[in-house]
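Below are some notes on the strand pairing and the nonpolar cores in this model. Please read them alongside the sequence and coordinates.

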Amino acid sequence: MCGILGTVGFKNDSRFDLSLLEHRGPDGSGIWSSPDDEFPVMLGHTRLSIIDLSEEANQPMLCVNERYTFVYNGEIYNFIELRKSLEAQGHQFFSNSDTEVFFKGLIAEGPNFQLRCNGMWAFCLWDRKLSKALFGRDRFGKKPLFYSLMNSKNLVLLRRQ
């Protein structure tokens, strides 16, 4: 499965090392870093390609207007049905991945979208406009989410086994 890594409240390029998660996702990796004039955030992802092997399913994933950035590890078993429901609401998709369905569902419906999902997951959704992070994991903790609050204002996110 994939690996995710992130910092919220600070950026440290020299210590943000995705190679630590390479064993979790040998098929690719990516890092997104907020612009210098915005709240400091870094999100990283190592990918194990299973459902959609295309580059359109790479992470971190950004929405069209780049307001939201998303990293995720897991699998949404009912993503085809969820996608059809979101398409009926007017959402367009650029990949065949469960990642994009989960991402767009969270944007459209907020955290409650997770209640419609069957599967296992851990994620971080960053909202650049509100400077807010939403973290989540599946109900049973199959994909647990590890984090550390540093100096009462900075957060480090790590998802790995």
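1. The model is predicted. Its largest nonpolar core has 19 residues, and the members that touch the most others are F70, I76, F102 and F123. At least two residues of this core come from each of β5, α1 (79-88), α2 (98-109) and β6. Another core lies apart from it, with 11 residues including I4, W32, C124 and L145.

2. F70 deserves a separate entry. Leaving out residues up to four places away in sequence, F70 touches Q59, P60, M61, T99, F102, F103, L106, F123, C124 and L125. Two of the names on that list, F102 and F123, are also among the residues with the most contacts to other members of the largest core. C124, also touched by F70, is one of the residues of the other core.

3. Strand β5 spans residues 68-76, and 8 of its 9 residues are buried. In general, side chains in a regular strand alternate between the two faces of the sheet.

4. On one pairing, β5 meets strand β4 (residues 61-62) in the antiparallel sense, over 2 bridges. F70 in β5 is the bridge partner of M61, and M61 also appears among the contacts of F70. The two strands make a hairpin with 5 residues between them. Within the turn, E66 has a positive phi of about 65 degrees.

5. The other pairing to note is with strand β6 (residues 119-127): β5 and β6 run antiparallel and are joined by 9 bridges. Here N73 has A122 in β6 as its bridge partner.

Notes:
Residues are numbered from 1 along each chain as its sequence is written. This is a predicted model: local features need pLDDT of at least 70, side-chain atom pairs count only at pLDDT 80 or more; totals for chains, interfaces and linings use all residues. Side-chain values use heavy atoms; hydrogens and water are left out. Buried means under 20% relative accessible area, exposed over 50%, partly exposed in between (1.4 Å probe, protein chains only). Helices (H or I, at least four residues) and strands (E, at least two) are DSSP runs, numbered from the N terminus. Two strands pair if DSSP finds at least two bridges between them. A nonpolar core is a set of buried Ala, Val, Leu, Ile, Met, Phe, Trp, Tyr and Cys residues joined through side-chain atoms within 4.5 Å. Contact means heavy atoms within 4.5 Å.
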